[in-house]
2 protein chains.
Amino acid sequence: MQDSLSQTFAALADPTRRAMLAQLTLGDANISELAQPFLDRMSLPAITKHVKVLEKAGLVVKSRDAQWRSCTLNAEALRAVADWMEQYRSFWEARFDRLDAYLKTLPKKQKSEGAKNGRQRKAK
Amino acid sequence: MQDSLSQTFAALADPTRRAMLAQLTLGDANISELAQPFLDRMSLPAITKHVKVLEKAGLVVKSRDAQWRSCTLNAEALRAVADWMEQYRSFWEARFDRLDAYLKTLPKKQKSEGAKNGRQRKAK
DNA sequence: TGCACATTATACCTATCGGTTAATTAACCT
DNA sequence: AGGTTAATTAACCGATAGGTATAATGTGCA
C-alpha cells in the first residue's frame, strides 16, 4: 500500500470503519463502545483489527486508561483526502468543467461557451 | 464490497488509478495512452484491470471507437465522496478542532452522566 | 490472592487484489 | 485472405483483507 493517501482511502473503503468514525464525531469511545453496534455481526477481535486500520491511517488516536483504550477521531488525516479531492471539484460541481474553476475566483462573469474543454482527442 | 461509497474509496486507494484519473482531467484517453506512463512497471492487462476498477466505481466511462476504447473522467462519482467528507470538514478545518466538535454537540449535553466519555477530554 | 473484565495476540481460513504470461477477440488496412 | 494493432480474457500466483475461535495480557477490585 505504501503511500499514505492510499492507506487513508483504503481505511475509508469499509462501512464498518466509516461508521466508527461517525460515532467518534460524537465523542471519544473505547473499544467496547465502538464495538457495540457491530457485535451482532462480528467478533471483538474483528473490531480491534478495524480500529487498528484506522489507527495506522492516522484517522484515530488511541490512548490508554487502565484496561480501556480511548479512541479519538483525528480528522487531520482527512485533510490530505480533501486536498486531493479539491483538484477534481470543478469537474463535478459545475457544468462548465475547467472553466468553472477559473470563474470561481472572479466576481460574477458570464460564461462563454463551455466547450473550453481541453479534452477531446480522437486525433488518431 | 457492496456499497458504492466503499467501492469508490477502494478504487481511489491505488496510486496507479489516481494517476489515471489525473491524466483524464487533461482530456479523454484510450487504454494505450493511459497505459503509457506505466508500461515500464506493469503489463497492459494490468492496466485493463485498473481501468475496469475505475469503471465499476463509475469514475470512468468507456466508449468504443473502432479498436480503441476512449476513457472519460466521470467526476460525478466523486460527489458522493465529497459529500461524505463534508461531515468531517469542521473537524479539521478549524484551528480549534476539539472545541468545534464540542460546540456542535452542545444541544445534547444531557448524556454527560451515564457515559463515562460523554464527550469530554478526560481530565487526565 | 485471585477473579473478572477489556483488549490484544495467535493461528487459521477464504476471498479478493494486483500482478503475470499466453491466448483470444475485434477492428483496420492493403 | 492475411497481417497488424488495440484491448480483453483466461489461468495462474503470492500477498493481503476480513473474518473466526481461542489463548494470552494487563488492570482493577473483593
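A polar contact is a pair of N or O atoms within 3.5 Å. The model shown in these views is predicted.

**View 1. Protein residues around DNA strand C.** DNA strand C has 24 residues around it. Those that come nearest are A:S32, A:K52, B:S43, B:K49 and B:H50. Of the strand C atoms that come within 4 Å of the protein, 70% belong to sugar and phosphate. By class, this surface holds eight nonpolar, seven polar and nine charged residues.

**View 2. Polar contacts to DNA strand C.** A backbone N or O atom of A:R69 sits 3.4 Å from a phosphate oxygen of DNA strand C. From chain B, B:S43 places a polar side-chain atom 2.7 Å from a phosphate oxygen of DNA strand C. B:Q67 meets a base instead: an N or O atom in the side chain of B:Q67 is 3.2 Å from a base nitrogen of DNA strand C.

**View 3. Helices and strands that face DNA strand C.** Chain A supplies at least two residues from each of α3 (31-35), α4 (44-56) and β3 (68-73). Chain B supplies at least two from α4 (44-56). The most comes from α4(A), which gives five residues to the surface near DNA strand C.

**View 4. Protein residues around DNA strand D.** DNA strand D is surrounded by 22 residues. The closest are A:K49, A:H50, A:Q67, B:S32 and B:K52. Sugar and phosphate make up 75% of the strand D atoms that come within 4 Å of the protein. Seven nonpolar, seven polar and eight charged residues form the surface near DNA strand D.

**View 5. Phosphate contacts and elements at DNA strand D.** An N or O atom in the side chain of A:R64 is 2.9 Å from a phosphate oxygen of DNA strand D. B:K62 has a polar side-chain atom 2.9 Å from a phosphate oxygen of DNA strand D. B:R69 uses its backbone: a polar backbone atom of B:R69 is 3.2 Å from a phosphate oxygen of this strand. At least two residues each of the surface near DNA strand D come from α4 of chain A and from α3 (31-35), α4 and β3 (68-73) of chain B. Here α4(A) gives the most, with four residues.

**View 6. The interface of chain A and chain B.** The contact takes 46 residues from chain A and 50 residues from chain B. The two chains bury about 3,900 Å² between them. Carbon and sulfur atoms carry 57% of that area. Two salt bridges are found across the interface. In a salt bridge between A:R18 and B:D3, the side chains meet at 2.7 Å, N to O. Eight residue pairs across the interface are in polar contact, both residues at pLDDT 80 or more.

**View 7. The side of chain A that touches chain B.** The elements that each supply at least two residues are α1 (4-12), α2 (15-24), β1 (29-30), β2 (60-65), β3 and α5 (76-93) of chain A. The most comes from α5(A), with 13 residues. By class, this side of chain A has 22 nonpolar, seven polar and 17 charged residues.

**View 8. Helix α2 of chain B.** This helix covers residues 15-24. Its buried residues are B:T16, B:R17, B:R18, B:M20, B:L21 and B:L24. At the start of α2(B), a side-chain oxygen of B:D14 reaches to within 2.8 Å of the backbone nitrogen of B:T16.

Conventions: Residues numbered from 1 in each chain as written. Chains lettered and ligands numbered in written order. Heavy atoms only, no water. Near = heavy atom within 4 Å. Polar contact = N/O pair within 3.5 Å; in protein donor to acceptor, adjacent residues only side chain to side chain. Nonpolar A, V, L, I, M, F, W, Y, C, P; charged D, E, K, R; others polar. Buried < 20%, exposed > 50% of the residue type's maximum accessible area, 1.4 Å probe, protein only. Contact = heavy atoms within 4.5 Å. Buried area = accessible area lost by both parts, 1.4 Å probe. Salt bridge = Lys/Arg side-chain N within 4 Å of Asp/Glu carboxyl O.
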